[in-house]
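Here is a short briefing on the structure below. It moves from strand pairing to aromatic contacts and then to open space.

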Amino acid sequence: MFGRSLRNTLIASACVLPVLSGMAGSALASKDNFVVRNNSNTPMTELYISESNRSTWDNNVLGADTLSRGGQTQVMFGDRNSSVCLYDIRAVFSNGQVVEDYQINVCRNSEYTFRDR
């Protein structure tokens, strides 16, 4: 009797562990704290972040503001649905330089940093 109860407990535990670890992984996947940093020597005048499956850029995240050298801004996503995690990013700097990067996983990465090349 004791052996059968122990065996059932072990089987139940083995079935529950993958479910719990899957839940923990999805809880960590969040777009709420995504930050863009400007570690380049040039102020950023425009910043666009759009879902990777789109063919056009969304609105300028900075609006009329500028992201100075060493500055950072938190990105607020309109759709917090964590099933959409891949985004493209485009920055325009005050010297006219444009930098684009594609398919950034904002659910697994909490920040994106622009640096001089």
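β1 and β3 pair in the antiparallel sense, and three bridges hold that pairing. The model is predicted. Its protein chain has one helix and six strands. In sequence order the pattern reads α-β-β-β-β-β-β. Of the 117 residues in the protein chain, 30% count as buried.

**Sheet β3-β1-β6**

- Three strands make up this open sheet, in the order β3-β1-β6. The pairing is mixed.
- β3 and β6 stand at the edges with a single partner strand each, so one side of each has no neighbour in the sheet.
- Neighbouring strands here are turned by 15° against each other on average, with direction ignored.
- On the antiparallel side, Val36 has Thr73 in β3 as its bridge partner.
- On the parallel side, β1 pairs with β6 (residues 111-115) over five bridges. Arg37 stands opposite Thr113 in β6.
- Strands of a sheet pair through backbone hydrogen bonds, in either a parallel or an antiparallel sense.

**Sheet β2-β4-β5**

- A further open sheet has three strands in the order β2-β4-β5. Its pairing is antiparallel.
- Which strands form the edges? They are β2 (44-51) and β5 (98-105), and each pairs on one side only.
- From one strand to the next, the twist averages 15°.
- β4 and β5 run antiparallel and are joined by six bridges.
- Ile89 has its bridge partner in β5, namely Asp101.
- In a regular strand, side chains alternate between the two faces of the sheet.

**Aromatic pairs**

- How many aromatic pairs are there? The count comes to four.
- One of them joins Phe34 and Phe77: the centres are 6.0 Å apart, the planes meet at 55°, and the pair is tilted.
- This pair links distant parts of the chain, 43 residues apart. Phe34 sits in the loop between α1 (2-28) and β1 (35-39), and Phe77 in the loop between β3 (72-74) and β4 (86-93).
- Are Phe34 and Phe77 buried or exposed? Both are buried.
- The rings of Phe77 and Tyr87 have centres 4.8 Å apart and planes at 55°, so this pair is tilted.
- Phe77 lies in the loop between β3 and β4 while Tyr87 lies in strand β4, so the pair ties together parts that are 10 residues apart in sequence.
- Why does Phe77 count as buried? Its relative accessibility is 11%, and the cut-off for buried is under 20%.
- Tyr87 has a relative accessibility of 4%, so Tyr87 counts as buried by that rule.
- Phe34, Phe77 and Tyr87 form one aromatic cluster.
- A pair of aromatic rings is described by the distance of the centres and the angle of the planes.

**The loop between β5 and β6**

- Where does Cys107 lie? Cys107 is in the loop between β5 and β6.
- Cys107 has 7% relative accessibility and therefore counts as buried.
- Ser83 and Cys107 are 24 residues apart along the chain. Their C-alpha atoms are separated by 8.7 Å.

**Largest pocket**

- The largest pocket holds about 220 Å³ of space.
- Its lining consists of 13 residues. Nearest the centre are Ile49, Asp58, Met76, Phe77 and Gly78.
- What classes of residue line the largest pocket? Six are nonpolar, three are polar and four are charged.
- Phe77 also belongs to the aromatic cluster with Phe34 and Tyr87, and lies among the residues nearest the pocket centre.
- Rolling a probe the size of a water molecule over the atoms shows where empty space is left.

Technical notes
Residues numbered from 1 in each chain as written. Predicted model: local features only at pLDDT ≥ 70, side-chain atom pairs only at ≥ 80, totals over all residues. Heavy atoms only, no water. 1 Å grid on protein atoms, 1.4 Å probe; cavity = no way out; pocket = protein on both sides within 12 Å on 5 of 7 lines; lining within 4 Å. Points joined across faces, edges and corners; volume = space filled by probe spheres on them. Nonpolar A, V, L, I, M, F, W, Y, C, P; charged D, E, K, R; others polar. Phe/Tyr/Trp six-rings, centres within 6.5 Å; stacked < 30°, edge-to-face > 60°. Helix = DSSP H or I, 4+ residues; strand = E, 2+ residues; numbered from the N terminus. Buried < 20%, exposed > 50% of the residue type's maximum accessible area, 1.4 Å probe, protein only. Pairing = 2+ DSSP bridges. Axes fitted to C-alpha atoms, helices over the stretch in contact; angles between N-to-C directions.
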